[in-house]
Amino acid sequence: MALLAIRDLGLTIGRQPILKDVSLAIEPGEVLGLVGESGSGKSLTALSVMRLLPHGSVTSGSIDFAGTEILAASEARMCALRGDDIGMVFQEPMTALNPVKTIGEQIAEGIRLHTGASRAEAAARAAQMMERVGLPVADFPLSRFPHQLSGGQRQRVVIAIACALNPRLLIADEPTTALDVTIQAQILDLLRDLVRERSMALLLITHDLGVVAGMADRIAVMRSGEILDHGPAVPLLRQRRHPYTRRLAEASAHVPTRRGAPILDRAARAEARRPLLEVRELVVQYPAARRGLFRRPPPFRAVRGVSFDIYSGQTMALVGESGCGKSTLARTILGLQRPASGTLVFDGLDIASGDGQAIAAARRELQIVFQDPYGSFNPRHRVERLVAEPLFLRPELGRAEKQERVARALEAVGLSAGDAAKYPHEFSGGQRQRLAIARALVNRPKLIIADEPVSALDVSIRAQILDLLSDLRDRFGIAYLFISHDLSVVRALCDEVLVMRQGEFVERGPVDEVFDRPSHPYTRELTAAAPDLERALAQA
């Protein structure tokens with residue numbers, strides 16, 4: 001008997017048909033993987049089950065949850081189901097969390113609402129859930145706010161909220177997108193345990209075929225609002241009978257073609273005039289909170305004396321667990337964070353101790369793709385203005401030239417020039433990430449810091465973006481500092497890799513050498529935890 005049965009679901013928003021005769025069923029204790037490219041309708045299928053669709057939506061068909069017809073249920077009935085019987089992990093943690101409430105309050109809120117638990121009881125249960133998702137309260141007090149956590153840590157808080165009441169059905173929309181591979185493995189193990197222990201049904205929406213191959217009992221492949229392929233997970237991914245399923249599998253293993261030779265050998269570096277970016281013994285720290293009236297502990301060192309170089313045309317990967325200092329290092333290179341000590345020179349300009357004029361000059365040649373695309377956009381501005389922001393540093397360009405550059409940048413990342421008139425909320429999560437990449441590319445900078453630039457993209461669009469980044473590197477000599485938890489992407493795109501843990505580099509070297517023959521235990525842990533489609537199929 002299916003816990004959730006979706007039959008011939010149709011969805012129209014305005015006059016635009018979105019979902020077309022979608023039929024799915026999930027039994028208690030079963031994991032159904034829903035895969036497909038960005039904008040295919042996966043998230044809107046999930047939101048239809050939750051009855052959280054945007055204004056103007058018209059649905060047809062049937063969604064039966066444990067005998068309740070969702071499409072006909074009252075809002076009071078839906079409020080009783082949401083959070084208690086049906087939990088959901090949303091795709092973007094920063095938009096799912098309330099910025100003015102502590103994480104403890106947000107986890108405890110649903111517990112108190114649905115169970116009538118006291119404030120103390122709810123806080124105790126919230127602490128238990130924090131432990132289960134890898135955020136012990138000794139290190140991450142319930143009194144922290146979302147902005148005080150890294151992207152991956154915020155995602156774990158969202159998972160804790162969704163699982164706090166042990167729902168009968170959990171809808172996980174890209175639940176491990178922002179997580180490093182070791183925490184990703186922990187979260188997937190947690191979801192497996194919940195399914196096994198409580199016979200919870202899990203609808204797992206993901207673009208990572210390696211994850212779904214190791215997690216799902218059945219897979220449904222979606223494109224343009226329709227289910228194109230459906231069946232048991234391992235046979236479906238092995239046989240790949242449908243052309244679109246085959247295309248997704250091939251895209252997940254895509255390696256960009258490189259025009260020039262990787263910059264790896266010392267002789268090539270010796271001939272170079274100087275590195276584009278030179279970092280020496282860099283230390284970045286934050287003041288610790290005062291304990292008591294007079295006692296202040298020593299500052300927290302987020303980055304601890306790291307040194308490295310990046311040359312023009314080189315792609316340097318930076319990998320490590322969430323909260324290890326990767327994003328702090330990126331912010332320091334951008335001049336957004338002052339280091340406590342060390343030197344940082346970009347294209348001959350001193351960023352670490354230089355004045356504001358030197359930092360402003362460096363920023364004309366530096367861009368970043370942020371981890372959370374929605375949080376990096378002003379929701380009141382149209383795409384044209386958002387993508388053109390780096391061009392504000394180029395006053396010599398006229399309006400027509402700026403519009404032309406924006407149009408070319410949008411088309412380069414798989415969007416259309418007409419999208420310039422839209423607002424960020426009109427795009428899916430993956431499409432917003434493409435907007436962020438277009439904004440970074442519009443000025444053709446010398447160095448792009450890419451902080452998880454393809455984490456929100458499906459495998460087919462990811463392959464296109466990797467090809468684009470590789471092509472721009474080879475044609476224009478653009479260098480990348482590529483921050484990622486996806487080791488398959490790092491292996492496909494990057495020349496060298498820096499492995500970071502607790503603010504320090506524990507291993508470095510050419511990508512293939514480090515991943516194939518890791519010398520540090522932490523690197524071995526990372527490579528073992530990374531999801532891999534072919535390995536998952538071989539072990540099935």
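**Exercise 1. Determine how strand S7 is paired and which of its residues are buried, beginning from the position where Val89 stands opposite Ala172 in S7.**

Solution. The structure is a predicted model, in which local features need pLDDT of at least 70 and side-chain atom pairs count only at pLDDT 80 or more, while totals for chains, interfaces and linings use all residues. Residues are numbered from 1 along each chain as its sequence is written, and side-chain values use heavy atoms, with hydrogens and water left out.

Step 1. Val89 and Ala172 face each other within the pairing of strand S6 (residues 86–89) with S7, which is parallel and runs over four bridges. Strands here are DSSP runs of E with at least two residues, helices are runs of H or I with at least four, and both are numbered from the N terminus; two strands pair if DSSP finds at least two bridges between them.

Step 2. S7 is also joined to strand S8 (residues 201–205), by five bridges and again in parallel, and the bridge partner of Asp173 in S8 is Ile205.

Step 3. Leu169, Ile171 and Asp173 point one way from S7, whereas Leu170 and Ala172 point the other way, and all are buried, where buried means under 20% relative accessible area, exposed over 50% and partly exposed in between (1.4 Å probe, protein chains only). Because five of the five residues of S7 (residues 169–173) are buried, the strand is largely enclosed by the rest of the structure.

**Exercise 2. Describe the sheet that contains S12, and locate the aromatic pair that involves this strand.**

Solution. Step 1. The sheet is open and consists of four strands in the order S12-S11-S14-S15, with antiparallel pairing. S12 and strand S15 (349–350) stand at the edges with a single partner strand each, so one side of each is left without a neighbour in the sheet.

Step 2. Strand S14 (residues 341–346) is joined to S15 by two bridges in the antiparallel sense, and Phe346 has Leu349 as its bridge partner in S15.

Step 3. The structure holds one aromatic pair. Phe308 and Phe505 form this pair, which is edge-to-face, with 5.9 Å centre to centre and 70 degrees between the planes; rings of Phe, Tyr and Trp (its six-membered ring) pair if their centres lie within 6.5 Å, and planes under 30 degrees apart count as stacked, over 60 as edge-to-face and the rest as tilted. The pair links distant parts of the chain, with Phe308 in strand S12 (residues 300–310) and Phe505 in strand S20 (residues 504–510), 197 residues apart. Phe308 and Phe505 are both buried.

**Exercise 3. Lay out the sheet that contains S20, and place helix H16 on it.**

Solution. Step 1. Six strands make up this open sheet, in the order S16-S17-S18-S13-S19-S20, and the pairing is mixed. Its edge strands are strand S16 (366–369) and S20, each of which pairs on one side only. Neighbouring strands of this sheet are turned by 15 degrees against each other on average, direction ignored.

Step 2. S16 and strand S17 (residues 447–451) run parallel and are joined by four bridges, and Val369 stands opposite Ala450 in S17. H16 packs on the sheet, touching S16 and S17, and its direction makes about 175 degrees with that of S16. Contact means heavy atoms within 4.5 Å, while axes are lines fitted to C-alpha atoms, for helices over the stretch in contact, with angles running from 0 to 180 degrees between N-to-C directions.

**Exercise 4. Work out where the buried residues of H15 lie, and what packs against them.**

Solution. Step 1. Helix H15 (residues 399–412) has 14 residues and reaches 20 Å from its first C-alpha to its last, close to the 20 Å expected at 1.5 Å a residue, the expected span being 1.5 Å times one less than the number of residues.

Step 2. Lys402, Val406, Ala407, Ala409 and Leu410 are the buried residues of H15. Seen down the helix axis, they fall within an arc of 165 degrees, so they line one face of H15; the arc is that of the directions from the helix axis to the C-beta atoms.

Step 3. These buried residues pack against helix H14 (383–387) and helix H16 (429–441). Just after H15, Gly414 takes a positive phi of about 90 degrees.
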